[in-house]
Amino acid sequence: MASREQRGSVRTAVVWDALESALAGAPRDVVDLGGGTGGFAVRLAESGHRVRVVDPSPDALAALARRADEADLAVSGLQGDVSELVEVVGAGSADVVLCHGVLEVVDPALALDRIAQVLRPGGLLSLVVGQRHAAVIARAMAGHFQQARGLLDDPAPVDARTGRRFTAPEIEELLAAAGFTGVTVHAVRVFADLVPAAIVDYEPGAAAALVDLERAVAQRPEYLPLATQLHLLATRA
Ligand SMILES: C[S@@+](CC[C@H](N)C(=O)[O-])C[C@H]1O[C@@H](n2cnc3c(N)ncnc32)[C@H](O)[C@@H]1O
C-alpha cells in the first residue's frame, strides 16, 4: 500500500469500523454532506449503498466524479451548501447522513437541524468533528501558545482555515438539542497524528499495529480528550 494511502487508512480505521458495522445488511440511501472528493462516498457505494454527495465545491465534485468513474460506480454529486440541504436532497429522503469534517466550518446547530430534516425517522447520523483538547495541545507543541490559550475555552474559529473545535459534552449537547438520541462516541486519531510518519511508512508492521492500538482505545472515555477527532453515531428520533 502507498504511504499516503496507508496513513489515510490509519486515520480513518476507527470511523470505518463503526460505520460498516452500523450499515451492515440492506443497502441504504446515504447522503454525504460536505463529502468532498468522495473518500467515504465511493467506498460506501462499493458496498452497495445509494450515495449522494452534497458539497459547495465544484472542484471537489469534479474529483468525486472522476473517482466514481474510475471505480465504475454511480455516486451523485450535488452542488449545495448545508443551508440548502433539504431543498437539494429532499426532506425525509435519507437513511443515513454522513457529516465528516464539516461542522467545524458551518453553523453547527443549523447543520444538525437540516440533517434531522433529511433523515427518515430512525435514520442514522455519522458525525466526525475536531476535538478541542487535542487541538490545544497540538498548537502548544507547535509553539503557538497564544492560539492554544485562545482555543482553551472558546470553540469559535481561531483561524478561518481550521474552524471550530468541540469537546465531547458540547457536541452531545448539540445533538440532543437537534433531537438525536442513542449517541455513541469514538475517539479517533489518538496516536496517529503524534507518531512520526516515517515509522508508519517504513517500519514493517507498524501501520497495522498502530491501527490495532487506535481500535483498542477508541471506546475508552479517558482517551476522548486526547483524540484529534470524535466520531459520533446518533439516531434521529
Ligand atoms: C475537511 S473536508 C471533509 C471532506 C470529507 N467529508 C471527508 O471526511 O474526507 C470539508 C468539506 O466540507 C465542505 N464544505 C465547506 N463548507 C460547506 C458548507 N457550508 N456546506 C456543505 N459543505 C461544506 C468542503 O467543500 C469540503 O469538501
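**Exercise 1. Determine whether histidine 186 is buried or exposed, and describe its surroundings.**

Solution. Histidine 186 has a relative accessible area of 10%. Buried means under 20% relative accessible area, exposed over 50%, and partly exposed in between (1.4 Å probe, protein chains only). Histidine 186 is therefore buried.

The model is predicted: local features need pLDDT of at least 70, side-chain atom pairs count only at pLDDT 80 or more, and totals for chains, interfaces and linings use all residues. Residues are numbered from 1 along each chain as its sequence is written, and side-chain values use heavy atoms, with hydrogens and water left out.

Next, place the residue: histidine 186 lies in strand S6, residues 180–188 (strands are DSSP runs of E, at least two residues, numbered from the N terminus). Finally, list its contacts (heavy atoms within 4.5 Å). Beyond neighbours within four places in sequence, histidine 186 touches Val14, Ala18, Ala218, Gln219, Leu224, Gln229, Leu230 and His231.

**Exercise 2. Describe the interface of domain 1 and domain 2.**

Solution. Begin with the bounds, which come from an automatic or database domain assignment. Domain 1 comprises 3–131 + 166–236, and domain 2 comprises 132–164. In the contact, 14 residues belong to domain 1 and 8 residues to domain 2.

Then consider the area. Buried area is the accessible area (1.4 Å probe) that two parts lose on being put together, summed over both. Here it is about 870 Å², with 55% given by carbon and sulfur atoms. Of the area that domain 1 buries against domain 2, 44% is supplied by Glu104, Gln131 and Phe166, more than by any other three residues.

Last, count the salt bridges, where a side-chain nitrogen of Lys or Arg lies within 4 Å of a carboxyl oxygen of Asp or Glu. The rule finds 1 salt bridge across this interface.

**Exercise 3. Survey the salt bridges of the model and the exposure of their partners.**

Solution. The total is 9 salt bridges. Take individual pairs in turn:

- Arginine 132 and glutamate 170 pair through their side chains at 2.7 Å, N to O.
- Arginine 114 pairs with aspartate 113, with the closest N and O atoms 2.6 Å apart; aspartate 113 is partly exposed at 33% relative accessibility.
- Arginine 189 pairs with aspartate 193 at 3.1 Å between the closest N and O atoms; aspartate 193, at 34%, is partly exposed.
- Arginine 149 and aspartate 153 meet at 4.0 Å, N to O, and both are exposed.

To finish, look for linked bridges: Asp29, Arg50, Asp95 and Arg120 form a network of salt bridges.

Notes:
Helix = DSSP H or I, 4+ residues; strand = E, 2+ residues; numbered from the N terminus.
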